[in-house]
Structures are given as C-alpha cells and as structure tokens.
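Student: I'm new to this one and would like a close look at a single part. Could you walk me through it slowly?

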Amino acid sequence: MDLLHAQLGRVQQHLSFVAVDPIDWKFYVQVFSWTITIFESYLLIRQYPLYSKTKPPEALANHFTDDVLEKSQKYGKDKAKYAFFSGIYKQVLDSSILHFGFYAWTWNAGGTIIAKFGYGPEYEILQSIAFVFTLLLLSSLPTLPLSLYSTFVLEERHGFNKTTLPLFVTDLLKQWALGFVFGAPFLAAFLYIFQWAGDRFVPWLMAFMISFQLIMVVIYPLVIQPFFNKLSPLPEGELRHRIEALAGKLRFPLKHLYEIDGSKRSSHSNAYFFGLPWSKHIVIFDTLIQQSKPDEVEAVLAHELGHWFFAHPTKMMAISQIHIFTILALFPAFLHAPPVLRSFDFPKEVAAQPPTIVAFLLFQMILTPVEAFTSMCMNAVSRHYEWQADRFACELQDRLQDEKMEDMGERLGRALTALHVKNLSTVWVDWLYSAYHHSHPTLTERLKALEAFQAQRKKKTT
Ligand SMILES: [Zn+2]
C-alpha cells in the first residue's frame, strides 16, 4: 500500500502546477468539447452520402430486396440528420452552461435548498446531493424535446416505436425516482470515503466502486429491471430445449432462462446474459423469438456464450477498473486546486476549499478529450470480441464434437441478417465513422468473416 501511495505521490508532484497556476481551464474545456462535436459532425458528413446508394454491398445482395434497402437508407438518413442537429444543439447548450457559470450558480442553489431544511454549508455531502440532482434535473429539461422527437417522430415514422406518451412519462418518473433512491446513497458513500480517507482515498474508493458494481449486477435484474420490463421464464419447447442443451454442453452455469417483453417499447431486438460467475441468467427479447427460427436463435445464443467462454465481460470490467484507477490517480491534483474552480466562475470562498463533488465534475470535463479517445479504443476492443464470439459459434461443432452444429455459422449469419433487416440497420458504413462509433463490426464484415471461418474449418477437416 505504501508503495502505491509513493507512486501516486509522484504523479501528484508532476501535476502540482494545477493547484497554483491560473490556467484558463474553462476555455480549454470549450475548445475540447467543440472540437469533439465538430469531429463527430464531420463523421456524419462523411457517412451521409452513403445513405443515397441504391444497391447493397455484395455480401448482402441476396438478403436485401430493393424495398428493404430503400427503407433502411431512409431510416439511416433520418437518424443521421437527427444526430447532426441534436449534436450541435447539445453542444451549444453545454457551451452556454459553461459560459454563463451555471455550475457555480447550481452549487449556490444547492446551498439554498439545504438551508431551507436547516442545514448549513458545513454539510458538504448534503449540499453535494442537492447540487447534483438540481444540475441533472435542470440540464436534462432542454434535451427532453430531443428524446420526445426521437421516440415519437423519428422511430415512429419508421415503425419502431411502441412507446405511448403515458409510458414515456412514467418511465421518466421511474428513472428519476430510482436514480435518486440509488444515486443519493452512492454519492454520499463516495464523498464520505474522501472525507474519511483523506488523500489516501484511491484504494478505498476502488474497493468501493468494485463492490458497488458487483452488487448492482445482482440487484439490477431483481430490483430495477422489473420496474421497466417483464421477464418471464421461457416456455417449454424447442427453443428452451436447444438452449438448455447448449448451455449444458458448454458447462455454462445457467440458472434462469427468460423472455423479456422488449417489444413493449420498441421492436429492436436482441439477447444477452448476466449474473455472477456461478449463476447466470439468459434473457432473450420476444421480438428475436418472433422473427427467427429456434435454430437461429440458438446460434445467436452460441455467439453470446462465446462472450462468456472468453470471459469478455470480465475483461471489459478489468479494463474499466484500470480506467477508473487512472482517473482517480490523477484526481488529487485537481481536488485541492482553487484556480480550477475560479476559472469556472466559482466565488473565492468556495474555491478556497473546493467541494469534492465540484472538483470531480470539473476534472471530468477537463478529461473529455481523453475520454473520447478511450471510448474509441474500447470500441476497437469490443469489435475484436464480437469477431471472436462469432468465430466461437462457427467452431462449436469441433469443440463439442456435435455434427448437428455444423451449420452454426450459417444459422448465425441468417439470424444476424434477419435482425439487421428487421432493425433496418445501416448497410453502407464509412470506415472512420465505424471506427469511432461502433462497438460491433458491420453486418457485411461479420458475414464475410463468418464465411471465411467456415471455409477455413472445411479446409482443416478435409
Ligand atoms: Zn456479441
């Protein structure tokens, strides 16, 4: 532990200028965030003309009729336009919020709120909770029209929306209520650790965050998800039988097999698994079950179990722990830095003793460019994992010595194509746009890879 603190201390020394130099951080954040928005808009401009193509890529030629392609292209075009304008709108909003010192104003408002209940500024944690929820509430209001438009105009126009206005409103209220019920104690504990551990908070906070994530893995499906969706046991029948047999052969610790009423809100579809290492749950969207045959859904599950087999979720979680650790290791330099708060318009008396939550929030904003780069790298890792899971499904028959699985690759290809057609997903994708945004390879890339795996396999066996 002492070694860790010595190393962390060295990092702080390098960053000690933050606590004294009057750097115009606000200006930097403005420049960074505009750069990212302009870059994302540029990507959309690169992608947009591809929505005017009238022929699908070679690999998809047999699956996309002219009619489906036209629908998919129209949907893509509408989504791209929406992304372009909403991106700029949000940026103008964020930028104005910064420019007019909204964060400092909200911190003060948080103080006024708790004062009404008889608590003074010495109750930093209480003021922080009031601050965070006021900030979230006020800053989410201007983007509400965007999500209304996206759900009731854009998705509706293309036949995907199943949400009604009352459902939309109750969802929103539930999200707020749950966010507060779970978020407030989390925030309180998070800030308490800073107060309690002082500058030695890094390992304690890491331990806390990891425990919190593990608890959420258990609590989310049991406590939170039922507020939004109904999970019912998958009925007896061919599909259940196939999946149980597959899980059994792979020694996947399947505890429950559910069908989820994803179609309540949208007709986009999928399947996933979750749970602790010794007890896993598989969830399949009712929409996937309706649109694909049992042997194709089985292939989708074979892909999902590939993720489990290669421990992809665990690896992703490990990467995200390293990410959190790095952020926390750099943070102390910004925690006791009055010039940072001053540059974001906080009054002298607040800046002199920076509240942890404020320092953390501003620090996050300063990190925006690093975060954008990190998310691009994470997407690359995730695409690699998808490719691995596809390959796993293809090679299942060799692994399990089961001839009935010989055509798993083709079945997966058919299921993916059916999903793609149903979701009217984009068929032509610009490489840079894809590298930045996509956590999955494109369908064309996946089908090509699936074919190549199959060909390789056949070569090996003959
Ligand atoms: Zn996957």
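At what angle do helix 2 and helix 3 pack, and how far apart are their axes?

Tutor: Happy to. A quick word on the model: it is predicted, so to speak of local features we need pLDDT of at least 70, side-chain atom pairs count only at pLDDT 80 or more, and totals for chains, interfaces and linings use all residues. Residues are numbered from 1 along each chain as its sequence is written.

Now to your pair. Helix 2 covers residues 25-47 and helix 3 covers residues 66-99; they pack at an angle of about 175 degrees, with their axes 10 Å apart. Helices here are DSSP runs of H or I with at least four residues, strands are runs of E with at least two, and both are numbered from the N terminus. Axes are lines fitted to C-alpha atoms, for helices over the stretch in contact, and angles run from 0 to 180 degrees between N-to-C directions. That angle makes helix 2 roughly antiparallel to helix 3; the label is for angles over 145 degrees, while under 35 is roughly parallel, 65 to 115 roughly perpendicular and the rest oblique.

Who touches whom? On the helix 2 side, the residues include Val29, Ser33, Trp34 and Leu44, and they meet helix 3 residues including Ala83, Phe84, Ile88 and Leu98. Contact means that the C-beta atoms, placed from the backbone, lie within 7 Å. The residues of this contact divide into eight nonpolar, eight polar and three charged. Nonpolar covers Ala, Val, Leu, Ile, Met, Phe, Trp, Tyr, Cys and Pro; charged covers Asp, Glu, Lys and Arg; the others, Gly among them, are polar.

Helix 2 has another partner, helix 17 (residues 368-394). Their axes come within 9 Å and cross at roughly 30 degrees, and the two helices are therefore roughly parallel to each other. Here Val29, Phe32, Ser33 and Ile36 in helix 2 meet Thr368, Pro369 and Ala372 in helix 17. Those residues divide into five nonpolar, two polar and no charged. Val29 and Ser33 appear in the contact with helix 3 as well.

Following helix 17 takes us to the largest nonpolar core, since helix 17 is one of the elements that give two or more residues to it. The core has 43 residues, and Ile284, Val300 and Ala393 are among those that touch the most other members. Such a core is a set of buried Ala, Val, Leu, Ile, Met, Phe, Trp, Tyr and Cys residues joined through C-beta atoms within 7 Å, buried meaning that 20 or more other C-beta atoms lie within 10 Å of a residue's own.

Methods: Two residues are in contact if their C-beta atoms, placed from the backbone, lie within 7 Å. A residue is buried if 20 or more other C-beta atoms lie within 10 Å of its own, exposed if 12 or fewer, and partly exposed in between; C-beta atoms are placed from the backbone.
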